[in-house]
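This report looks at how the side chains of one protein chain pair and pack. Please keep the structure open while reading.

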Amino acid sequence: MTVSAELWKASASRAAACLASPFVSALRDGTLGSDSLGFYVGQDAFFLQAFARAYCVAAGKSPTSRDLLELHGLAAGALEELRLHDRYASKLGLELAAVTPAPATSRYTDFLLATAWSSDVGRTGAAMAPCMRLYAYLGKELLSSLHPGHPYEDWISTYSSADFEALARQLEAVVDRHVSDAASVMDVYQYAMACEFGFFQAAWDAHH
């Protein structure tokens, strides 16, 4: 079993908790309210900018040209993901540039950026991989809920896509190349998973 697979397997209960969270459940059912969606979109847009920056910091520490190119490509993928948020923001009348991070968002972004600045490529990748693998997992789990006219078809289609899966695997490959022992990075992986759950819960709690 690869390091990334071992880390993900150890996080199965946390992933299941995210899938069962009120926010993701309402997203799946198409019953998520516009207030909750708006909060999520704004916070996730803020998060994705920090996520892209963490990729760039890691790229600057890359020991090989392969890592440099792949991490910059992954940063570009995160910025491309922001286009989905731009579409939702436009529909909701949100100004993403004016978003103030909520405590759950700051907790996550501060952790990622601190890890990127203080750690090597492998440890940084292990802190970032949960986000990518979790969203690919959620997208695939929610795919069966799609029906014509589903209000969140774009979200589910984006994260269940082969393109997004490829990005998740690319980041996991970086982890597998640079981390020889899953136990050595389990702390950052599990902390990121806890942040993911907290992020979804904060989006739900903000308007309930």
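The text below treats charged pairs, aromatic rings, the nonpolar core and the largest pocket in turn. The model is a predicted one.

## Salt bridges

Side chains of opposite charge can pair when their charged atoms come close. In this structure there are 11 salt bridges. Three of them are listed here with the closest distance between nitrogen and oxygen.

| Salt bridge | N to O distance |
|---|---|
| Asp 67 and Arg 177 | 2.7 Å |
| Arg 87 and Asp 154 | 3.8 Å |
| Glu 165 and Lys 140 | 2.6 Å |

Take the salt bridge of Asp 67 and Arg 177, with its distance of 2.7 Å. Asp 67 belongs to helix H5 (residues 65-92) and Arg 177 to helix H9 (residues 162-178), so this pair ties together parts that are 110 residues apart in sequence. Are the two partners buried or exposed? Asp 67 is buried, at a relative accessible area of 1%. Arg 177 is partly exposed, at 32%.

Helix H5 also takes part in the salt bridge between Arg 87 and Asp 154, where the closest N and O atoms are 3.8 Å apart. Since Arg 87 lies in helix H5 and Asp 154 in helix H8 (residues 153-159), this pair ties together parts that are 67 residues apart in sequence. Arg 87 is partly exposed, with 42% relative accessible area. Asp 154 also counts as partly exposed, with 31%.

The salt bridge between Glu 165 and Lys 140 has an N to O distance of 2.6 Å. It links distant parts of the chain, with Glu 165 in helix H9 and Lys 140 in helix H7 (residues 121-142), 25 residues apart. Glu 165 is buried, at a relative accessible area of 10%, whereas Lys 140 is partly exposed, at 41%. Both residues belong to a network of salt bridges that also links Arg 133, Arg 169 and Glu 172.

## Aromatic pairs

How many aromatic pairs does a search of the whole structure find? The search finds 16. In one of them, the ring centres of Tyr 40 and Phe 200 are 6.4 Å apart and the ring planes are at 15°. Planes under 30 degrees apart count as stacked, so the pair of Tyr 40 and Phe 200 is stacked. Tyr 40 lies in helix H4 (residues 34-60) and Phe 200 in helix H10 (residues 186-205), and the pair links parts of the chain that are 160 residues apart. Both Tyr 40 and Phe 200 are buried.

Tyr 159 and Phe 164 make an aromatic pair of the edge-to-face kind, with 5.0 Å from centre to centre and 90° between the planes. Tyr 159 is buried, with a relative accessible area of 0%. Phe 164 is buried too, at 6%.

These two pairs share a cluster linked by ring pairs, which includes Tyr 40, Tyr 159, Phe 164 and Phe 200. Among the other members of the cluster are Phe 23, Phe 47, Tyr 108 and Trp 155.

## The nonpolar core

The largest nonpolar core contains 69 residues. Tyr 40, Phe 51, Tyr 55, Trp 155 and Phe 200 have the most contacts inside this core. Helix H4 gives the largest share of the core, 13 residues.

Which residues does Tyr 40 touch, leaving aside its neighbours within four places in sequence? Tyr 40 is in contact with Phe 23, Tyr 135, Trp 155, Phe 199, Phe 200 and Ala 203. Phe 200, the stacking partner of Tyr 40, is thus among these contacts.

## The largest pocket

The volume of the largest pocket is about 230 Å³. Its lining includes Gly 77, Glu 80, Arg 83, Arg 87, Thr 158 and Phe 164. Two of these have already appeared: Arg 87 in a salt bridge with Asp 154, and Phe 164 in an aromatic pair with Tyr 159.

Where does the lining come from? Helices H5 and H9 each supply at least two of its residues. H5 gives the largest share, 6 residues.

## An exposed residue of H5

Leu 69 is also in helix H5. Leu 69 is exposed, with a relative accessible area of 64%. Its C-alpha atom is separated by 31 Å from that of Glu 153, and the two residues are 84 residues apart along the chain.

Note on methods:
Residues numbered from 1 in each chain as written. Predicted model: local features only at pLDDT ≥ 70, side-chain atom pairs only at ≥ 80, totals over all residues. Heavy atoms only, no water. Salt bridge = Lys/Arg side-chain N within 4 Å of Asp/Glu carboxyl O. Helix = DSSP H or I, 4+ residues; strand = E, 2+ residues; numbered from the N terminus. Buried < 20%, exposed > 50% of the residue type's maximum accessible area, 1.4 Å probe, protein only. Phe/Tyr/Trp six-rings, centres within 6.5 Å; stacked < 30°, edge-to-face > 60°. Core = buried A, V, L, I, M, F, W, Y, C linked by side-chain atoms within 4.5 Å. Contact = heavy atoms within 4.5 Å. 1 Å grid on protein atoms, 1.4 Å probe; cavity = no way out; pocket = protein on both sides within 12 Å on 5 of 7 lines; lining within 4 Å. Points joined across faces, edges and corners; volume = space filled by probe spheres on them.
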